[in-house]
Amino acid sequence: VDETRIVWGIGATYELGVWEFGGGYTKGTTEQRDTVANGGDTIAGSTGEDTATRWDFGVSYTGLGGGKTILVGIRQEKWEDDMNNPDNESKTRSIDVQHNWDVAPGFEFDIGYTNYRYTHHTGLDATDTQTMRTAHGLKIQTKFTF
């Protein structure tokens, strides 16, 4: 059965000398449909609407010189089920910090850190509880451009 999904978003950046600020918001809705048997015929019935929202905010600083940039970003995402089923709902939050360095023409070195928090449904008990978990990430990357 087809489900109707609508996603829209808006974002903007503003540059102020060596600083650049940006933000964005995205929202998506999905009409949920269940297939129901009706005397041998299969019909689709609408059961509600699930939603997903995400917002981002970031800032970059290029005033270090020598092709170096520092970036900091924050993101939050939330998925909500119209039936409040914890298996289908979650929330994530992340904070990212990254340092980019244009070492030489065609060669870039990046290092970054992410703190990622998310809800987790264990599915192991009858209480349908979710717990907040935290993950950490470290990124080291080199880029060569020819």
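**Aromatic pairs and the largest pocket**

Me: Why is Trp 19 called partly exposed?
Reply: In this predicted model, Trp 19 has a relative accessible area of 39%. Buried means under 20% and exposed means over 50%, so a value of 39% places Trp 19 in between, as partly exposed.

Me: What makes Tyr 61 count as partly exposed rather than buried?
Reply: The relative accessibility of Tyr 61 is 24%. Because buried requires a value under 20%, Tyr 61 falls in the partly exposed class.

Me: Why are the rings of Trp 19 and Tyr 61 called a tilted pair?
Reply: A search of the whole structure finds five aromatic pairs. For Trp 19 and Tyr 61, the ring centres are 4.5 Å apart, and the planes stand at 45°. Rings pair if their centres lie within 6.5 Å, and planes under 30 degrees apart would be stacked, over 60 edge-to-face. The angle of 45° meets neither of those limits, so the pair is tilted.

Me: How do you know that this pair ties together parts that are apart in sequence?
Reply: Trp 19 belongs to strand E2 and Tyr 61 to strand E3, so the pair joins parts 42 residues apart in sequence. Ring pairs also link Trp 19, Phe 21 and Tyr 61 into a cluster.

Me: Which residues does Tyr 61 touch, leaving aside those up to four places away in sequence?
Reply: Tyr 61 touches Val 18, Trp 19, Lys 68, Thr 69 and Ile 70. One of these, Lys 68, has its charged end over the ring of Trp 101.

Me: How do you know that the charged end of Lys 68 sits over the ring of Trp 101?
Reply: The charged end lies 5.2 Å from the ring centre. The distance limit is within 6 Å, so this part of the criterion is met. The charge must also be within 35 degrees of the ring normal, and Lys 68 is listed as sitting over the ring.

Me: Why is the pair of Tyr 116 and Tyr 118 called tilted?
Reply: The ring centres of Tyr 116 and Tyr 118 are 5.7 Å apart, with planes at 35°. Stacked planes are under 30 degrees apart, so an angle of 35° makes the pair tilted. Tyr 116 is partly exposed at 33%, and Tyr 118 is partly exposed at 25%.

Me: What makes up the lining of the largest pocket?
Reply: The lining divides into four nonpolar, seven polar and eight charged residues. Among the 19 lining residues, Gly 28, Thr 51, Ala 52, Thr 53 and Trp 79 lie nearest the centre. Strands E1, E2, E3 and E4 each give two or more residues to this lining.

Technical notes:
Residues are numbered from 1 along each chain as its sequence is written. This is a predicted model: local features need pLDDT of at least 70, side-chain atom pairs count only at pLDDT 80 or more; totals for chains, interfaces and linings use all residues. Side-chain values use heavy atoms; hydrogens and water are left out. On a 1 Å grid over the protein atoms alone, a cavity is a set of points where a 1.4 Å probe fits but cannot get out, and a pocket is an open set with protein on both sides within 12 Å along at least five of seven lines; lining residues have an atom within 4 Å of a point. Helices (H or I, at least four residues) and strands (E, at least two) are DSSP runs, numbered from the N terminus. Ala, Val, Leu, Ile, Met, Phe, Trp, Tyr, Cys and Pro count as nonpolar, Asp, Glu, Lys and Arg as charged, and the others, Gly among them, as polar. Rings of Phe, Tyr and Trp (its six-membered ring) pair if their centres lie within 6.5 Å; planes under 30 degrees apart count as stacked, over 60 as edge-to-face and the rest as tilted. Buried means under 20% relative accessible area, exposed over 50%, partly exposed in between (1.4 Å probe, protein chains only). Contact means heavy atoms within 4.5 Å.
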